Amino acid sequence: MKVPAIVFLLAPLSLLAQSTAKNTCVDCHSALDGAAQRPALLIKNDVHTGNGLTCADCHGGDRTADDPGEAMNPAKGFIGKPARTAIPKLCARCHSSPDFMRKFRPQQRVDQFELYQTSVHGKRLASGDDTVATCIDCHSIHDIRAVKDAMSPVHPLRLPETCGHCHADQHKMAKYGIPTDQFDGYRTSVHWNALKIRGDLSAPNCASCHGNHGAKPPDVESVAAVCGSCHVLFAQLYQKSVHEPIFSGAAGGGGCIVCHSNHAIHQPSTAMLAGPKAVCSQCHEAETPGGQVAAQMAKWLDGLDSALNQSEAVVTRADKYGMEVSEAQVRLGDGRENLVKARLALHSFQPNEMKKPIEAGMAIANETLRAGQDALHEKDVRRMGLAASVVFIGITILAIWALIRRIESGGDPLRPASAPEVK
Ligand code: HEC
Ligand code: HEC
Ligand code: HEC
Ligand code: HEC
Ligand code: HEC
Ligand code: HEC
Ligand code: HEC
Ligand code: HEC
Ligand code: HEC
């Protein structure tokens with residue numbers, strides 16, 4: 001079908017009409033300076049501008065009037081700079097309206113304000129404390145980005161710093177008497193490491209554990225559930241363990257964080273079980289059943305780890321010499337898997353549960369050690385064989401050479417050189 005040429009003429013015209021729709025707010029504010037100018041400069045990257053919204057959609061007023069008194073006339077809905085305590089409601093005018101939001105993005109959630117009101121932030125703001133986070137402290141203002149935008153302050157890689165602006169600020173937090181070490185601790189953790197260094201976006205940031213709009217600390221009963229939402233198998237074993245009912249009553253939070261802490265979660269090792277920094281020894285003397293189990297578990301884990309390392313070293317050497325050890329290499333992987341299973345089984349705190357993977361892993365360590373040693377032995381045998389044949393070939397060449405010389409000098413090739421000639 002032929003498209004009428006007029007369509008091509010009109011399309012750019014209608015675009016032009018949109019872009020020239022009057023926005024005296026931006027025009028005038030761009031020419032001001034300082035705090036009055038900044039919004040007009042920032043707004044071009046704002047997600048609201050991208051969706052065709054303007055200054056007046058938040059602030060009210062008349063964006064077609066050139067006269068400031070008209071443009072910023074309260075009679076035309078102008079609200080000026082909203083008070084901090086009024087901000088969530090301002091954002092909620094649109095974000096809590098399913099009918100309005102559906103026009104822009106049918107799948108968008110509309111529960112942010114509702115959840116916010118249940119958070120420690122929201123409750124305190126409602127009581128007039130405006131030190132807490134409102135929507136703009138997490139999302140910024142006039143430069144609000146889509147949450148998936150890497151420049152958004154709520155992007156997983158930037159969120160810890162966003163929360164840290166307040167929670168790591170001793171001055172700001174002083175009146176509440178809560179710790180201010182969450183940000184520093186978190187940045188030494190396995191989770192931040194996975195997120196920042198390895199780019200693993202499934203690792204938790206502040207909001208994964210605390211919620212984003214309903215931000216409150218996970219309460220004592222739900223700590224294991226928070227960790228368990230990702231570490232499912234660990235939580236299942238722990239829930240059935242002897243410690244679960246005891247730790248869940250602990251002051252300052254229980255569950256996993258008794259041993260792993262909450263923000264500064266570090267790479268676990270057997271130093272948690274035995275030695276001067278062991279967590280178990282905080283409650284179990286060495287001679288008690290708990291202390292003995294801790295020592296036994298450390299011995300098992302270290303034993304399997306070093307047995308696997310030894311086997312791996314031998315198999316790797318054999319591989320370097322070009323020996324066929326691929327099966328042993330695959331089996332070593334199975335051995336490592338048993339070590340992982342043993343670390344998981346630890347969370348039942350029952351030696352019998354851990355013994356199974358330890359024994360299976362040890363069997364593999366022994367079997368692969370033998371395979372590696374056999375391969376190295378075979379290499380030696382082959383080398384000996386090669387050396388023997390080199391020597392043999394050398395002797396044969398010498399003998400033939402001696403024979404040829406004898407024939408050339410006219411001698412009887414069958415008579416020994418030293419024997420007297422037969423007359
Ligand atoms: C002709 C210039 C002009 C126009 C048009 C204009 N403004 Fe302003 N606006 C100003 C000036 C000047 C101030 C005062 C700055 C100051 O106090 O430092 C101001 C202040 C503001 C403030 C801060 C008020 C406060 O309480 O601190 C907001 C918000 C604002 N304008 C929004 C808008 C919006 C929205 C529009 C369009 C509907 C608009 N302005 C149109 C010049 C203008
Ligand atoms: C998504 C809603 C939204 C949009 C769109 C928006 N603003 Fe604002 N604006 C706010 C909020 C909320 C505040 C209060 C910020 C605070 O408390 O720090 C504010 C503050 C201001 C202030 C006061 C700044 C200060 O530090 O005193 C000015 C001036 C202003 N806006 C102008 C504008 C202009 C001009 C535009 C368009 C270019 C615009 N705003 C677009 C929500 C918006
Ligand atoms: C304590 C910080 C914080 C506060 C306060 C906050 N947000 Fe959010 N917001 C977030 C985080 C974190 C996300 C999720 C980012 C992601 O999914 O990666 C988010 C996501 C969103 C989204 C995307 C849709 C969704 O729900 O995931 C919207 C819209 C939004 N916030 C609006 C608001 C509004 C409106 C308010 C105030 C009523 C508000 N936010 C208050 C941190 C906050
Ligand atoms: C006039 C209506 C309106 C107001 C007021 C408003 N927004 Fe929005 N907002 C929208 C629309 C429309 C979108 C684009 C659709 C979308 O991405 O969800 C949007 C998008 C967003 C997004 C990106 C969501 C995402 O999934 O990436 C965030 C964050 C956001 N707004 C925060 C705020 C905050 C914070 C305020 C208050 C300062 C606010 N909005 C005020 C209408 C509004
Ligand atoms: C603008 C400053 C500010 C920002 C940004 C902020 N908070 Fe808060 N937050 C506070 C204040 C103030 C309190 C009140 C402290 C209290 O009541 O103990 C609080 C309370 C909390 C609490 C409850 C603490 C308790 O035990 O009482 C948690 C959890 C929390 N915030 C998490 C977060 C997370 C997660 C983020 C980032 C997504 C964040 N906050 C961003 C200021 C902020
Ligand atoms: C892996 C989950 C997890 C992550 C990630 C996390 N927290 Fe926590 N947070 C917790 C747990 C668990 C508690 C303790 C709750 C209790 O004691 O009842 C807590 C407690 C808090 C508290 C209350 C005061 C305190 O220290 O006991 C604040 C505030 C807080 N976290 C802020 C943050 C901030 C800010 C970040 C990001 C820098 C963050 N959290 C990251 C799990 C987490
Ligand atoms: C949002 C999902 C999530 C939550 C919630 C979470 N974690 Fe993690 N955790 C991860 C990811 C992803 C890794 C990195 C895994 C890796 O290194 O292969 C990890 C790593 C770990 C490690 C190191 C494991 C290893 O093999 O190196 C420990 C210990 C840990 N988390 C404990 C906790 C505790 C305790 C909590 C609760 C306070 C918790 N996690 C909450 C996802 C989560
Ligand atoms: C009584 C102390 C204790 C409790 C409670 C505890 N763990 Fe552990 N966890 C340990 C010890 C000890 C190790 C280290 C084993 C090793 O690597 O030698 C460990 C290791 C881990 C690992 C790393 C496993 C690996 O393959 O390296 C993860 C993940 C983990 N724990 C998660 C959790 C979760 C989730 C909870 C709560 C459901 C929890 N732990 C409760 C003591 C504990
Ligand atoms: C916060 C204190 C605390 C920590 C830390 C702790 N336990 Fe326990 N554990 C207990 C208590 C209390 C009991 C119950 C003792 C009883 O019933 O007599 C217990 C019971 C046990 C039992 C059952 C045998 C017994 O003594 O009843 C084992 C096994 C055990 N713990 C191992 C460990 C190991 C291994 C660690 C370190 C990874 C550890 N515990 C860390 C407090 C702790």
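**Exercise 1. The shell around ligand 4**

In this predicted model, find which helix gives the most residues to the shell around ligand 4, and describe the contacts made there.

*Solution.* Start with the helices. H7 is the main contributor to the shell around ligand 4, with 4 residues. Next, turn to the residues themselves: the shell holds 22 of them, and His48, Cys91, Cys94, His95 and Gln108 come nearest.

Now look at the polar contacts. An N or O atom in the side chain of His48 is 2.8 Å from a nitrogen atom of ligand 4. His95 has a polar side-chain atom 2.8 Å from a nitrogen atom of ligand 4. For Gln108, an N or O atom of the side chain is 2.7 Å from an oxygen atom of the ligand. Helices that give two or more residues to this shell include H4 (47–50), H7 (87–95) and H11 (135–139).

Finish with the chemistry of the shell: 14 of its residues are nonpolar, 5 are polar and 3 are charged.

**Exercise 2. The iron atom of ligand 4**

Identify the protein donors of the iron atom of ligand 4, then name the geometry of the site.

*Solution.* First, the donors: His48 and His95 each coordinate the iron atom through NE2, at 1.9 to 2.0 Å. Second, the angles: the 6 donor atoms give values of 87 to 179 degrees, and the site is octahedral. Third, the positions in the chain: His48 belongs to helix H4 and His95 to helix H7, and this pair links distant parts of the chain, 47 residues apart.

Last, the exposure of the two donors. Partly exposed covers the range between 20% and 50% relative accessible area. His48, at 24%, is therefore partly exposed, and so is His95, at 27%.

**Exercise 3. The iron atom of ligand 6**

Work out which parts of the chain are tied together by the donors of the iron atom of ligand 6.

*Solution.* Begin at the metal. His210 (NE2) and His263 (NE2) are its protein donors, lying 2.0 Å from the iron atom. The angles among the 6 donor atoms run from 88 to 180 degrees, so the arrangement is octahedral.

Then place each histidine. His210 sits in helix H16 (residues 206–210), while His263 is in the loop between helix H20 (257–260) and helix H21 (289–320), so the pair joins parts that are 53 residues apart in sequence. Both can be checked for exposure: His210 has a relative accessible area of 28% and is partly exposed, and His263 is partly exposed at 21%.

**Exercise 4. The iron atom of ligand 8**

For the donors of the iron atom of ligand 8, decide whether His260 is buried or exposed, fully or partly, and do likewise for His347.

*Solution.* The donors come first: His260 (NE2) and His347 (NE2) lie 2.0 Å from the iron atom. With 6 donor atoms and angles of 87 to 179 degrees, this site is octahedral. His260 is in helix H20 and His347 in the loop between helix H22 (326–345) and helix H23 (351–408), so the two tie together parts that are 87 residues apart in sequence.

For the exposure step, the cut-off for buried is under 20% relative accessible area. His347, at 16%, is therefore buried. His260 has 24% and is partly exposed.

**Exercise 5. The shell around ligand 9**

List the nearest residues around ligand 9 and find the helix that gives the largest share of its shell.

*Solution.* Among the 15 residues around ligand 9, His243, Val279, Cys280, Cys283 and His284 come nearest. Two histidines make polar contacts: an N or O atom in the side chain of His243 is 2.8 Å from a nitrogen atom of the ligand, and for His284 the corresponding distance to a nitrogen atom is 2.7 Å.

Turning to the helices, H19 (243–247) and H21 each supply at least two residues. The largest share, 4 residues, comes from H21. By type, the shell has 12 nonpolar residues, 3 polar and no charged.

**Exercise 6. Two annotated spans**

Compare the UniProt annotations with the predicted helices in residues 47–167 and residues 384–404.

*Solution.* An unreviewed UniProt entry places "domain: Tetrahaem cytochrome" at residues 47–167 and 205–285. Residues 47–167 are 45% helix and 0% strand, with end C-alpha atoms 27 Å apart.

The annotation "transmembrane region", also from an unreviewed UniProt entry, covers residues 384–404. That span is 100% helix and 0% strand, and its end C-alpha atoms lie 30 Å apart.

Notes. Residues numbered from 1 in each chain as written. Chains lettered and ligands numbered in written order. Predicted model: local features only at pLDDT ≥ 70, side-chain atom pairs only at ≥ 80, totals over all residues. Heavy atoms only, no water. Donors = N, O, S within 2.8 Å, 3.2 Å for Na, K, Ca; no water. Tetrahedral: all angles 85-135°; square planar, octahedral: opposite > 155°, others 65-115°. Buried < 20%, exposed > 50% of the residue type's maximum accessible area, 1.4 Å probe, protein only. Near = heavy atom within 4 Å. Polar contact = N/O pair within 3.5 Å; in protein donor to acceptor, adjacent residues only side chain to side chain. Nonpolar A, V, L, I, M, F, W, Y, C, P; charged D, E, K, R; others polar. UniProt positions renumbered as here; feature names shortened; annotations may be inferred.
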